[in-house]
Amino acid sequence: MLPPLPRWFAHRGGGSLAPENTLAGIRLAARMGFRAVEFDVMLSADATPLLIHDETLVRTTNGSGRVCETPDAHLFSLDAGGGEPPPRFVEAALLCRQLGLLANVEIKPAQGHEVRTAEVLARMAADLWRDAAQMPLLSSFSLAALEIARDLAPEIPRGILFDRVPEDWLRQLHELQAVTLHCNAAHLTDDVLQEAGAAGIPVLCYTVNAAEKAKMLFARGVTALFTDRLDLFASETNDYKGLHSPG
């Protein structure tokens with residue numbers, strides 16, 4: 001069952017108003033009225049899932065080196081912004097449940113770690129949201145990761161993620177038993193929107209930071225948008241789309 005989808009997701013937690021992929025960002029999004037957040041999850045060298053986007057630590061922390069090669073003892077001593085260490089996935093999941101937020105968890109495996117990342121995340125997500133009224137939404141650019149998530153945690157909805165949507169996207173979506181299509185707003189075509197509409201598939205677009213662009217996308221039939229500009233769209237966050245998975 002696909003959870004009710006809001007029109008807006010806070011991108012990487014708090015968008016541009018807080019350090020990305022942090023608990024502070026998630027809390028800020030909730031305070032501003034957002035009911036859904038998106039964040040990226042990768043594994044440390046000790047196979048601990050944490051919130052981070054890049055495969056290296058340089059851009060978003062005061063550390064260096066590859067995330068997948070950094071042990072927990074060092075990784076969680078770093079500063080990811082505002083004195084906060086990179087959050088563990090379990091911390092973000094529990095916070096989202098506490099705040100009543102829909103979590104779009106992007107499985108973001110380091111190169112060569114697709115299988116292990118998906119296995120750990122799928123099992124952990126199934127446990128962390130066990131018996132929850134609102135399940136998370138797992139998404140990934142990695143089709144292999146989504147396949148593993150489908151097999152290990154079939155009860156958790158999945159979204160297939162593309163930069164440019166391929167012609168056979170609907171076949172891939174059905175094979176993965178996914179329920180949403182996520183794509184780059186800049187590359188979304190009317191043909192894809194029409195095909196998705198006919199199949200009853202919600203389309204979610206990233207990353208939209210301009211009001212006119214958002215208005216145009218909603219008018220074209222896009223279901224939800226990811227944004228960094230929480231300040232621009234906070235007044236619109238109460239408008240829910242009560243959608244469910246097709247079939």
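1. Let's start with the largest pocket of this predicted model. Its lining is made up of 15 residues, and those nearest its centre are His11, Glu38, Glu106, Leu161 and Tyr206. The space inside comes to about 160 Å³.

2. Which strands supply at least two residues each to that lining? They are strand 3 (36–43) and strand 5 (102–107). By residue class, the lining of the largest pocket divides into 5 charged, 6 polar and 4 nonpolar residues.

3. Now to the nonpolar residues of the interior. In soluble globular proteins, nonpolar side chains tend to be buried together. Here the largest nonpolar core counts 61 residues, and Phe39, Phe89, Trp129 and Trp169 have the most contacts inside it. Helix 4 (residues 114–128) gives this core its largest share, with 6 residues.

4. Take a moment to find Trp129 in the structure. Leaving aside residues up to four places away in sequence, what does Trp129 touch? Its partners are Phe89, Ala93, Arg97, Ala103, Val105, Gln134, Met135 and Pro136. One of them, Phe89, is also among the residues with the most contacts inside the largest core.

5. There is a second core too, separate from the other and made of 12 residues. Among its members are Leu2, Phe9, Ala36 and Val179.

6. Finally, a word on the cysteines. A disulfide is a covalent bond between the sulfur atoms of two cysteines. How many disulfides does the structure hold? The count is 0. Are Cys68 and Cys96 buried or exposed? Cys68 has a relative accessibility of 10%, so it counts as buried, the cut-off being under 20%. Cys96 is buried as well, because its relative accessible area is 0%.

Technical notes
Residues numbered from 1 in each chain as written. Predicted model: local features only at pLDDT ≥ 70, side-chain atom pairs only at ≥ 80, totals over all residues. Heavy atoms only, no water. Core = buried A, V, L, I, M, F, W, Y, C linked by side-chain atoms within 4.5 Å. Buried < 20%, exposed > 50% of the residue type's maximum accessible area, 1.4 Å probe, protein only. Helix = DSSP H or I, 4+ residues; strand = E, 2+ residues; numbered from the N terminus. Contact = heavy atoms within 4.5 Å. 1 Å grid on protein atoms, 1.4 Å probe; cavity = no way out; pocket = protein on both sides within 12 Å on 5 of 7 lines; lining within 4 Å. Points joined across faces, edges and corners; volume = space filled by probe spheres on them. Nonpolar A, V, L, I, M, F, W, Y, C, P; charged D, E, K, R; others polar. Disulfide = S-S within 2.5 Å.
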